Amino acid sequence: TQMTERMIKAMRNSNVDIISHPTGRLINKRDEYQIDFDAILKVAKETGTIMEINSSPSRLDLNDQNIRRAKAAGVKMVINTDSHQKDQMRFIEFGIAQARRGWAEKDDIINCWPLEKLLKAMK
C-alpha cells in the first residue's frame with residue numbers, strides 16, 4: 001500500500017530512528033492504517049528502526065499482538081507517553097501494560113536500557 005511504502009521510505013532515511021504510533025489507530029475513532037506490517041517489521045529490523053509503543057489511552061499503538069510480532073521479528077521498541085501536558089506522564093503505565101501484554105521484555109524496550117546502550121541504538 002501507499003502507506004507501507006511511505007513508512008519504508010522513512011525507515012530507510014538515516015535521520016529516522018523511531019516510527020511513532022506505527023499503525024495510526026485512534027481507539028473508537030480511526031482504524032489502523034491498511035499496511036503490510038510484516039514488510040514494515042522486516043525493514044525495521046534491517047535498518048534498526050525502533051517502533052513506538054504509544055501509551056496514550058486514545059492510541060495504545062502498538063497493540064499487544066503487534067508488540068508480540070515486533071518482538072518475534074527482533075525489532076526494538078520504545079514506550080512513550082505521548083504527553084502534551086505534565087499530568088499525562090502517568091500514561092506510561094498503560095504503555096508498560098501494553099508491552100507486558102505483548103510479552104516484551106527489558107531487552108526489547110530501548111528506554112529500559114542503560115543510557116550508553118540506548119544512544120548507540122540511534123542511527
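This is a short tour of a predicted model, with selections to make in order.

**Stop 1: the helix pair**

Select residues 2-11, helix H1, and residues 37-47, helix H2. Their axes come within 10 Å and cross at roughly 5°. Angles under 35 degrees count as roughly parallel, so H1 and H2 are roughly parallel to each other. To see the contact itself, show the side chains of Thr-4, Met-7, Ile-8 and Met-11 on H1, then those of Ala-39, Ile-40, Val-43, Ala-44 and Thr-47 on H2. Colour this set by class: 7 residues are nonpolar, 2 are polar and none is charged.

**Stop 2: Ile-50**

Move on to strand S2, residues 50-54, and pick Ile-50. Is Ile-50 buried or exposed? Its relative accessibility is 2%, and buried means under 20%, so Ile-50 counts as buried. Leaving out residues up to four places away in sequence, select what Ile-50 touches: Asp-17, Ile-18 and Ile-19; then Lys-76, Met-77 and Val-78; then Ile-110, Ala-121 and Met-122. For one of these, Ile-110, draw a distance between C-alpha atoms: the separation from Ile-50 is 8.4 Å, with the two positions 60 residues apart along the chain.

**Stop 3: Thr-81**

Next, go to the loop between strand S3 (77-80) and helix H4 (92-101) and select Thr-81. Although placed in a loop, Thr-81 counts as buried, at 9% relative accessibility. Which residue does the side chain of Thr-81 meet in a polar contact? Add Ser-83: the two side chains are joined at 2.6 Å. Then show the residues that Thr-81 touches, not counting those up to four places away in sequence. They are Ser-55 and Ser-56, together with Gln-88, Met-89, Phe-91 and Ile-92.

**Stop 4: the aromatic pair**

Keep Phe-91, one of the residues touched by Thr-81, and add Phe-94 to the selection. The model has 1 aromatic pair by the rule applied here, formed by the rings of Phe-91 and Phe-94. The ring centres are 5.9 Å apart and the planes stand at 35°, so the pair is tilted. Planes under 30 degrees apart would count as stacked, and those over 60 as edge-to-face. Now compare the surroundings of the two residues. Phe-91 counts as buried, at 11% relative accessibility, whereas Phe-94 is partly exposed, with a relative accessible area of 40%.

Conventions: Residues are numbered from 1 along each chain as its sequence is written. This is a predicted model: local features need pLDDT of at least 70, side-chain atom pairs count only at pLDDT 80 or more; totals for chains, interfaces and linings use all residues. Side-chain values use heavy atoms; hydrogens and water are left out. Helices (H or I, at least four residues) and strands (E, at least two) are DSSP runs, numbered from the N terminus. Buried means under 20% relative accessible area, exposed over 50%, partly exposed in between (1.4 Å probe, protein chains only). Contact means heavy atoms within 4.5 Å. A polar contact is a pair of N or O atoms within 3.5 Å; within protein, one must be able to donate a hydrogen and the other to accept it, and residues adjacent in sequence count only if both atoms are side-chain atoms. Axes are lines fitted to C-alpha atoms, for helices over the stretch in contact, and angles run from 0 to 180 degrees between N-to-C directions. Angles under 35 degrees count as roughly parallel, over 145 as roughly antiparallel, 65 to 115 as roughly perpendicular and the rest as oblique. Ala, Val, Leu, Ile, Met, Phe, Trp, Tyr, Cys and Pro count as nonpolar, Asp, Glu, Lys and Arg as charged, and the others, Gly among them, as polar. Rings of Phe, Tyr and Trp (its six-membered ring) pair if their centres lie within 6.5 Å; planes under 30 degrees apart count as stacked, over 60 as edge-to-face and the rest as tilted.
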